[in-house]
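Trainee: Hi! Could we go through this model together? I'd like to start with the empty spaces inside.

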Amino acid sequence: MTNKYPIVEKLESLGKAIGSDEKLIDNVMSRIGTKPKIKVSQNKSLKIWRNMIKLASAAVIIIAVIVGLSIFQFNNRAYGITDVLKIIRQADTIHIRSWSANIKVPIIGEKRSNQERQYTKEDWIDLKNGRYCQEALAVVAFLETDDVNDRTMKLMKITDVFDGQYIMQVNQSGKSVRFLKLSEFQRTLSVRKLLDKFLEEIYMSSDELDGFARSGTELIDGTDYEIWEKTQNISEDSEYKLKYWVSPSSGILRKHQYWEKNSESNGQWQLTNEKEIEINQALPEDIFKTEIPEGYRASNIKENAFVQKLIAFPIRLDDMTGEINTMMVLPDGTVIMGWNTNYVFQIELLEELNSGVELPAEIPIELIYSLRPHKNPENISYSVRHLAVTQKNNVFYEWYFYVPNKDMSNMNLSRECQITMGLHTNPRGETYVAGPFTFMTDIELIIQDKNEFNTFVLGALAELSDGGKVPEDITYEKVLSLAQQIRESIP
């Protein structure tokens with residue numbers, strides 16, 4: 001096998017050559033042995049020099065071994081907190097046991113005092129095969145009287161089991177089940193969104209990995225883990241602490257804790273959330289079975305399951321209805337958004353536009369994307385441009401992209417966003433103003449690179465197009481290039 005490190009190979013070869021090649025030794029001695037500084041007999045001189053050269057060859061071999069060991073040790077360096085995010089994204093499976101304290105809203109079917117309200121759950125994510133089983137709590141409002149303001153808020157336990165094609169939604173509180181069917185693209189998207197949700201829950205994003213320090217070690221199930229810790233201020237009298245247990249030999253995250261200290265905790269640190277995490281462990285197959293549990297009633301079966309649509313947020317403004325179907329942000333901060341409405345008279349106009357041009361004044365709907373105000377210290381603003389038009393089952397989908405006035409590649413991209421929607425003409429051409437209406441929502445995905453652009457952006461375009469046809473001129477490089485040109489043209 002060829003040595004991975006040429007310097008080691010050369011040193012070892014040189015050492016062997018000097019140590020075993022008598023002709024080479026004689027050649028060396030012919031150059032240096034004829035002028036010994038100490039007067040000795042010729043035979044004794046030859047013997048001394050020969051031994052010295054052999055000792056030198058041994059030293060060379062020792063040096064080679066030391067260099068080899070150093071390289072080996074460097075190649076097996078310890079992992080730290082900054083390696084964890086990449087390792088999780090590349091995982092095949094993730095199993096999470098979660099514990100939460102201070103659940104202030106009662107859970108249906110559970111009787112606990114305020115001091116005992118805690119919530120435990122387990123989640124399984126099979127990233128390799130596109131399956132998951134996750135538990136969640138949904139808020140339900142109950143009217144106590146005829147007064148709409150007199151409501152009681154409770155939590156309902158929901159479990160989603162996804163076998164790769166069907167989602168079985170299990171209402172544990174109501175003992176009921178319903179089925180949804182996902183397309184292949186939605187399968188990929190839903191698993192990725194679930195992974196992102198998990199990373200957000202453990203505060204594991206690239207912009208949140210600074211400021212950590214090692215605070216100790218702990219042996220868990222026979223493996224040593226280093227404890228990484230960081231404290232962050234929330235306000236003058238409130239702060240939180242994050243703790244992670246990371247294997248220095250593999251970079252695997254084993255446990256996460258969230259601590260709080262505020263006036264409610266009397267200035268003492270209080271553990272409010274903990275997750276035990278197992279990565280790349282075999283998951284039980286029966287976890288992903290979509291079979292109706294005994295004693296539960298089903299509102300439908302797989303054969304007539306509702307085919308889930310690609311919808312990020314519903315739209316309703318005056319007599320216009322529709323949906324924002326998808327929202328994704330590129331590494332430079334450019335946002336790609338696709339939506340549909342019952343206002344379709346402008347589609348012919350849009351189909352004639354090239355990617356990157358400004359929208360005509362005749363377009364009646366105006367959607368303005370922006371960051372949350374308190375998370376916009378750089379005063380980022382956006383310019384909207386046309387991207388494409390697709391059609392599926394007689395529904396037209398408009399695709400726009402929003403270019404920030406600054407390249408955000410080195411900024412902390414957040415999924416939290418604000419959208420302002422306004423309507424300035426109606427289908428009859430009458431000019432008037434409806435709105436503006438502003439709402440908060442989340443970007444579906446932060447696209448990491450070209451491969452993810454092809455998978456998710458082009459995948460969404462294909463999902464909302466008859467025959468899965470994608471406009472040929474929509475590429476990762478072109479969109480980023482157009483965004484850069486638009487950004488440079490902004491005064």
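Trainee: How do the residues lining the second largest cavity divide into nonpolar, polar and charged?

Mentor: Good place to begin, and keep in mind that this is a predicted model. The lining of the second largest cavity has 6 nonpolar and 2 polar residues, and no charged ones.

Trainee: Which residues line that second largest cavity?

Mentor: Its lining is made of Val-329, Gly-333, Tyr-369, Leu-371, Tyr-382, Met-408, Leu-413 and Ser-414. The volume of this second largest cavity is about 30 Å³.

Trainee: And how many cavities of 30 Å³ or more does the structure hold?

Mentor: There are 2 of them. The largest cavity has a volume of about 70 Å³.

Trainee: What lines the largest cavity?

Mentor: You'll find Ile-96, Lys-121, Asp-123, Ile-125, Gln-134, Leu-194, Lys-197, Phe-198 and Glu-201 around it. Two elements, β2 (118-126) and α5, give two or more residues each to that lining. The largest share, 4 residues, comes from α5.

Trainee: What's the chemistry of that lining, in terms of nonpolar, polar and charged?

Mentor: For the largest cavity, the split is 4 nonpolar, 1 polar and 4 charged.

Trainee: Let's switch to pockets. What is the volume of the second largest pocket?

Mentor: About 640 Å³. Of the 25 residues lining the second largest pocket, Tyr-132, Gln-134, Ser-190, Lys-193 and Gln-308 are the closest to its centre.

Trainee: Which element gives the largest share of that pocket's lining?

Mentor: Helix α5 again, with 7 residues in the lining of the second largest pocket. At least two residues each come from β3 (131-143), β5 (166-171), α5 and β21 (431-442). By type, the pocket lining has 11 nonpolar, 6 polar and 8 charged residues.

Trainee: α5 keeps turning up! How does it sit against α7?

Mentor: Helix α5 covers residues 184-201 and helix α7 covers residues 450-463; their axes come within 10 Å and cross at roughly 130°. That angle is why α5 counts as oblique to α7.

Trainee: Is the crossing left-handed or right-handed?

Mentor: Left-handed, as α5 passes α7.

Trainee: Which residues meet there?

Mentor: From α5 you have Phe-185, Gln-186, Thr-188, Leu-189 and Arg-192. They meet Glu-452, Thr-455, Phe-456, Gly-459, Ala-460 and Glu-463 in α7. The residues of this contact of α5 with α7 are 4 nonpolar, 4 polar and 3 charged.

Trainee: Nice, so what should I take away about α5?

Mentor: Helix α5 gives the largest share of the lining of the second largest pocket, and the largest share for the largest cavity too. It also crosses α7 in a left-handed way.

Notes:
Residues are numbered from 1 along each chain as its sequence is written. This is a predicted model: local features need pLDDT of at least 70, side-chain atom pairs count only at pLDDT 80 or more; totals for chains, interfaces and linings use all residues. Side-chain values use heavy atoms; hydrogens and water are left out. Axes are lines fitted to C-alpha atoms, for helices over the stretch in contact, and angles run from 0 to 180 degrees between N-to-C directions. Angles under 35 degrees count as roughly parallel, over 145 as roughly antiparallel, 65 to 115 as roughly perpendicular and the rest as oblique. A crossing is left-handed if the near helix is turned anticlockwise from the far one by less than a right angle, and right-handed if clockwise. Contact means heavy atoms within 4.5 Å. Ala, Val, Leu, Ile, Met, Phe, Trp, Tyr, Cys and Pro count as nonpolar, Asp, Glu, Lys and Arg as charged, and the others, Gly among them, as polar. On a 1 Å grid over the protein atoms alone, a cavity is a set of points where a 1.4 Å probe fits but cannot get out, and a pocket is an open set with protein on both sides within 12 Å along at least five of seven lines; lining residues have an atom within 4 Å of a point. Grid points are joined across faces, edges and corners, and a volume is the space filled by probe spheres set on the points.
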